[in-house]
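Thanks for coming. I have one structure to show, and I will take one helix and then one pocket. Please have a look at it first.

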Amino acid sequence: MKRVKTGILGLDQMLGGGFLSQTANLVEGAPGTGKTTIGMQFIYNGIVQAKESGIVLTFEEFPQQYYRDAAAFGWDFRKLERENKLRIIMSSPEVTKADLENIGGRIEKLSQDIDAKRILVDSLSHFERLSQDPVELRSIVYSFINALKREGMTSVLTRESPALLGEAESIDEDMPFIADSYVLLRYVEIESAIHKALLVLKLRGSNHAKDIRQFTVTNRGIEVQDKFVGREGIMSGSPRSMAEAFRQAFPGPS
Ligand SMILES: Nc1ncnc2c1ncn2[C@@H]1O[C@H](COP(=O)(O)OP(=O)(O)OP(=O)(O)O)[C@@H](O)[C@H]1O
Ligand SMILES: [Mg+2]
């Protein structure tokens, strides 16, 4: 099956090569964990490594913000736009919804203009404000991601999770089920320092790595490192060393 590489080595490895073509991929995490960076890197690497044009659709930040943030990683988004390999558009969830319901809407046109194969939607959380009713919302988001697939695009949808540290978010909700893959970014505290962890919770139709990897944001973008060796409790935000956990679980005679 064709894989759509993010170009982020460790992540592609965890995904068994990359996302599946024409799927919707949810990247969720607390503020500042690196959701937008992963998305921009997916778009940038798509253009320069895979020769696939891309769209960035934003509901909150102005396009200027993306030019600036991308430039900090050495990615020249303005140049790519001039070369018709990239489009950054700001819209409202309402307009986007109406747009995708009509044949020949703006996104369809843009996508055809530059033959876009990838799209970053930053963020789905804004889109989710379209309805308070979970059943209606599910149907709205479902049509939205299907419209993106219909256009032949593989999407990364970012989503904010409120929890910073502590309890893992409950995944007892719709969005992870609607999405084809689900990547979670978390802050974890180890020896009084904050680290970032990444895990792939789901990848429909394919095997994926189940372990939790550390990652950092560098001036080249996201870099995924090794597993957290000898740590447990990462999901709870406060890993203890295995040895310590073992001692607690099996206390010796005192
Ligand atoms: N050039 C850079 N070098 C190193 N770190 C950077 C660089 N640019 C941004 N960062 C850091 O990367 C982190 C992730 O930023 P990013 O905007 O991707 O997060 P986010 O999850 O999208 O946040 P938000 O929820 O606010 O949208 C930030 O903490 C930021 O400080
Ligand atoms: Mg962001």
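Let me start with helix 3, which covers residues 63-72; its buried residues are Pro-63, Tyr-66, Tyr-67 and Ala-70. They lie on the same side of the helix, because they span an arc of only 100° around its axis. For those new to this, an α-helix has 3.6 residues a turn, so residues three or four places apart point the same way. Keep in mind that this is a predicted model.

What does the face turned away from the buried side of helix 3 carry? That face has the exposed residues Arg-68 and Ala-72.

Next, the packing. The buried residues of helix 3 pack against three strands and two helices by name: strand 4 (53-58), strand 5 (86-90) and strand 6 (116-122), along with helix 2 (35-50) and helix 4 (77-82). After helix 3 comes Gly-74, with a positive phi near 85°.

Now the pocket. The largest pocket has a volume of about 300 Å³. It is lined by 21 residues, and those closest to its centre are Lys-35, Thr-36, Thr-37, Glu-61 and Asp-122. Which elements give two or more residues to this lining? They are helix 2, helix 3 and strand 7 (154-160). Helix 2 gives the most, with four residues.

As for the character of the lining of the largest pocket, nine of its residues are polar, seven are charged and five are nonpolar.

To close, helix 3 has its buried residues on one side, and helix 3 is also among the elements that line the largest pocket. That is the end of my part.

Conventions
Residues are numbered from 1 along each chain as its sequence is written. Chains are lettered from A and ligands numbered from 1 in the order in which they are written. This is a predicted model: local features need pLDDT of at least 70, side-chain atom pairs count only at pLDDT 80 or more; totals for chains, interfaces and linings use all residues. Side-chain values use heavy atoms; hydrogens and water are left out. Buried means under 20% relative accessible area, exposed over 50%, partly exposed in between (1.4 Å probe, protein chains only). The arc is that of the directions from the helix axis to the C-beta atoms. Contact means heavy atoms within 4.5 Å. On a 1 Å grid over the protein atoms alone, a cavity is a set of points where a 1.4 Å probe fits but cannot get out, and a pocket is an open set with protein on both sides within 12 Å along at least five of seven lines; lining residues have an atom within 4 Å of a point. Grid points are joined across faces, edges and corners, and a volume is the space filled by probe spheres set on the points. Ala, Val, Leu, Ile, Met, Phe, Trp, Tyr, Cys and Pro count as nonpolar, Asp, Glu, Lys and Arg as charged, and the others, Gly among them, as polar.
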